[in-house]
Amino acid sequence: MTASPWRGYELGSRTVSYTERDAILYALAVGAHPSDLDLVYEERLRVLPTFALTLAQWAPDALGSLGAFDVTTAVHGAQRLTVRAPLARAGEVVMGARVTEVWDKGSAAVFEIEVVSDRFVAAWSLFAPGCGGFGGARGPAAPPRPGEAGQPADRRLTVATHPGQAALYRLLGDRHPMHVDPEAAKAAGVARPFLHGLCTMAALTLPVAGALGAHPADLLELQGRFAAPAFPGDRLVAHCWSDGEKGVRFEASGPERTVISGGRARFGHG
Ligand SMILES: C[C@H](O)CC(=O)SCCNC(=O)CCNC(=O)[C@H](O)C(C)(C)COP(=O)(O)OP(=O)(O)OC[C@H]1O[C@@H](n2cnc3c(N)ncnc32)[C@H](O)[C@@H]1OP(=O)(O)O
């Protein structure tokens, strides 16, 4: 087996600062309701833990800028987030990042990037067409999907995304043109601009928390694979399987296909 030269690559460290306004805009961009005062009103603000992923976006962006993969065709394949401590209402976060693994899928490579801070640990999987075939390991198989054994879902939730959602979300840090420019989307093999995977995932986290009687700011763990593009304006349906008292496994579908598979979320008790 040959390892990719990017395996173990240190992306360095970065300090990113943010304001209450950024955290509120983020909450609105992922679907918080104006009546969710502790997400949208600075007097009561609690910061959504998934906001950390916008602060850490520099890491996958840095790897693309270094030329590890073609940024016009690579897409976000999967994400994991482990929360260590709540984010302050405003402030700065110091992060370090490195490429933990590069899997060889033949026609594509999957780059695993880990970002670590005292607030969270986050892991990106980037699916990069044209980067495989270097003689490396394929990596672990896709995790088993809930419901595979025929167990019916415990809950069905719906999330209405809105047509302007990607245009708004990109202002929080991921300005890849594939989310707004039809030509850039086509270059990535998608018919029209599609939602950021992290926007889709965070948007689902809000109703999932509500269904569990948890506060979305009490999220402790989140993960999922972006199985197919979701589009701004799609109505998403999430099927959820209980996973402990404040945990859930989920799969989410758009009008045509499953868009998030192997979803998992766990919340604290507040
Ligand atoms: C930069 C941007 O701003 C970031 C973004 O937010 S992009 C938006 C969010 N992401 C998306 O919309 C991507 C949606 N997903 C997809 O379009 C497709 O799943 C895909 C293009 C990633 C892969 O599809 P496809 O080429 O058909 O892969 P497929 O033949 O099923 O699988 C090939 C291998 O890759 C793996 N793989 C497939 N999808 C994967 C994913 N999403 N993440 C990680 N690995 C994946 C499979 O397990 C398989 O490996 P194995 O043979 O060892 O089991």
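This short presentation describes a predicted model of a protein, from its overall dimensions to one strand and one residue.

Good morning, colleagues. Let me begin with the protein as a whole. Its secondary structure amounts to 7 helices and 10 strands. Along the principal axes, the C-alpha trace spans about 50 × 45 × 35 Å. A compact globule of 270 residues would have a radius of gyration near 18 Å, and the protein has 18 Å, so the value agrees with that of a compact globule.

How much of the chain is buried? Of the 270 residues, 50% count as buried. As for contacts, among those between residues at least 6 apart in sequence, 71% join residues at least 24 apart.

I turn to the surface and the charges. The accessible surface comes to about 12300 Å², and carbon and sulfur atoms account for 51% of that area. The protein carries 26 positive and 27 negative charges, and the mean positions of these two sets lie 3 Å apart.

Next, I would draw your attention to strand 4, which comprises residues 108-116. This strand is mostly covered, with 7 of its 9 residues buried. Which strands pair with strand 4? One is strand 3, residues 91-104, which pairs with strand 4 in the antiparallel sense over 8 bridges. Another is strand 5, residues 120-129, which also runs antiparallel to strand 4 and is joined to it by 9 bridges.

Each of these pairings is a hairpin. Strand 3 and strand 4 have 3 residues between them, and G106, in that turn, has a positive phi of about 85 degrees. Strand 4 and strand 5 likewise form a hairpin with 3 residues between them.

I113 of strand 4 is a useful place to view these pairings in the structure. On the strand 3 pairing, V99 stands opposite I113. On the strand 5 pairing, I113 stands opposite W124. As a general reminder, in a regular strand the side chains alternate between the two faces of the sheet.

Finally, let us consider a single residue, S261. This serine belongs to strand 10, which covers residues 258-267. Is S261 buried or exposed? Its relative accessible area is 8%, and the limit for a buried residue is under 20%, so S261 counts as buried. Which residues does S261 touch, leaving aside those up to four places away in sequence? They are R145, G224, R225, A227, F250 and E251.

That concludes my presentation. Thank you for your attention.

Notes
Residues numbered from 1 in each chain as written. Predicted model: local features only at pLDDT ≥ 70, side-chain atom pairs only at ≥ 80, totals over all residues. Heavy atoms only, no water. Helix = DSSP H or I, 4+ residues; strand = E, 2+ residues; numbered from the N terminus. Buried < 20%, exposed > 50% of the residue type's maximum accessible area, 1.4 Å probe, protein only. Contact = heavy atoms within 4.5 Å. Pairing = 2+ DSSP bridges. Rg over C-alpha atoms; globule rule 2.2 N^0.38 Å. Areas by Shrake-Rupley, 256 points an atom, 1.4 Å probe, with all protein chains shown as cover. Lys, Arg positive; Asp, Glu negative; His and termini not counted. Charge placed at Lys NZ, Arg CZ, Asp CG, Glu CD.
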